[in-house]
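Let's take a walk through this structure together, one stop at a time. Have a look at the sequence and the 3D view, and then we'll begin.

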Amino acid sequence: MRIAVVEGDGIGKEVIPVARDALELLRPDFEFFPVEAGYGRWQRTGTAIDEEEIAMLRSADSILFGAVTTPPDPGYRSVIVRIRKELDLYANIRPVKGEGFEMVIVRENTEGLYSGIETVEEDRACTLRCITRKGSERIARYACRLAVSRRDLTVGHKANVLKSDVFFRNICIEQAELAGVPWKEGYIDALCLDVLQHPGRYDVIVTTNLFGDILSDVAAYLAGGLGLLPSANIGDRNALFEPVHGSAPDIAGRNVANPVAALRSAAMLLGHAGDPCGAAVIEEAITRVLARGVRTRDLGGSSGTREFGTEILREIRLLQK
Ligand code: ATP
């Protein structure tokens, strides 16, 4: 198995080495190779990512990705949005677990408001929200495949206002009926509140690109913060695993970032690679380290990123015995 490792910018450079060490320890048979991309590279070379790196990512069996900073520069195109589009990683999967609930947010990842179809003129700027049948059907099918072995599907949309969401909603419901999956629906704004108030009501939630982005950050509150949440970006040929959080420039380089989201992303990578036992070992190591009170600052502790990583490796070794 060949794993491309993109640390990216900011805390990506701190949390990804921890996740990679855990993977290396569990899977000495994996081959890792670094791929440089992000704002740092753009500042140095004038390009954030090139065709060559895209080809390297395409050739990998899986990608472990940190985070990239996207500056508010009109000439800068988001690296992660480009990778998702070029590799057609259409399904963004974000599991959120906590006391009494376990939901999975399935976000369409390639179109909607992140289609990249934009114009900026002097007196107006436009972003086209493009929702296609192909894009909606495949994300709906993906969500239904997950929901079939679980409880139900919730479709999150704003069909009372947006014609494009009437289209998306109808396709999702069509697919749920075809798959025999019980479904319900909610307006995305009300859904954000209800997910916080009654998380146990939700199982698999499918929604469009921007709404899914926002909903998963909202749901992060339930799980104890951004530092804990992993995600997967899945396509038919490639898969990329990354923490939900960004590059957090405010805390970068200070050894205070929480590496749990990156570790859980590595666990998702193992699950996708057909190694659910390896994934479970990482999850168990995290549970044990947190239970011992070893925590980073965002969780009220004083442990550094590296020190937390050392404890994780120790637990993994114990679990392997
Ligand atoms: P970007 O522009 O790359 O999205 P951002 O700072 O806007 O970066 P995030 O990186 O998602 O957005 O971070 C938001 C805040 O959450 C950060 O300012 C940071 O304080 C906190 N945070 C995010 N990830 C972590 C983490 N792994 N550990 C601790 N705190 C984190």
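Is Tyr187 buried, partly exposed or exposed? Tyr187 turns out to be partly exposed, because its relative accessible area is 39% and the partly exposed class sits between buried, under 20%, and exposed, over 50% (1.4 Å probe, protein chains only). Before going on, a word on what you're viewing: this is a predicted model, where local features need pLDDT of at least 70 and side-chain atom pairs count only at pLDDT 80 or more, while totals for chains, interfaces and linings use all residues. Residues are numbered from 1 along each chain as its sequence is written, and side-chain values use heavy atoms, with hydrogens and water left out.

Back to Tyr187, which belongs to strand β9 (residues 183–187). Helices (H or I, at least four residues) and strands (E, at least two) are DSSP runs, numbered from the N terminus. Setting aside residues up to four places away in sequence, Tyr187 touches His157, Lys158, Ala159 and Asn160; a contact here means heavy atoms within 4.5 Å. For a sense of scale, the C-alpha atoms of Tyr187 and Leu290 are 36 Å apart, with these positions 103 residues apart along the chain.

Next stop is helix α7, home of Asp194. Asp194 counts as buried because its relative accessibility is 16%. The side chain of Asp194 makes a polar contact with that of Arg201, at 3.2 Å. A polar contact is a pair of N or O atoms within 3.5 Å; within protein, one must be able to donate a hydrogen and the other to accept it, and residues adjacent in sequence count only if both atoms are side-chain atoms. Asp194 also touches Pro199 and Tyr202, again leaving out residues up to four places away in sequence.

Now find helix α8, covering residues 209–223. Its 15 residues reach 21 Å from first C-alpha to last, close to the 21 Å expected at 1.5 Å a residue (the expected span is 1.5 Å times one less than the number of residues). Among the buried residues of α8 are Phe211, Leu215 and Ala219. An α-helix has 3.6 residues a turn, so residues three or four places apart point the same way. The buried residues of α8 pack against several elements, including β4 (91–98), β5 (101–108) and α6 (163–179). Right after α8 comes Gly224, with a positive phi near 100°.

What about the ligand? It is surrounded by 14 residues, and the closest are Gly246, Ser247, Ala248, Asp250 and Asn258; a residue is counted if one of its heavy atoms lies within 4 Å. An oxygen atom of the ligand is 2.8 Å from a polar backbone atom of Ala248. A nitrogen atom of the ligand lies 2.9 Å from a backbone N or O atom of Asn258. Ala248 itself sits in the loop between β12 (239–243) and α9, and has a positive phi near 40° although it isn't glycine.

Our last stop is α9 (residues 260–272), where you'll find Ser265. Ser265 is buried, because its relative accessible area is 0%. A polar atom of the Ser265 side chain lies 2.7 Å from the backbone oxygen of Ala261. Beyond residues up to four places away in sequence, Ser265 touches Pro230, Ser231, Phe241, Glu242 and Pro243.
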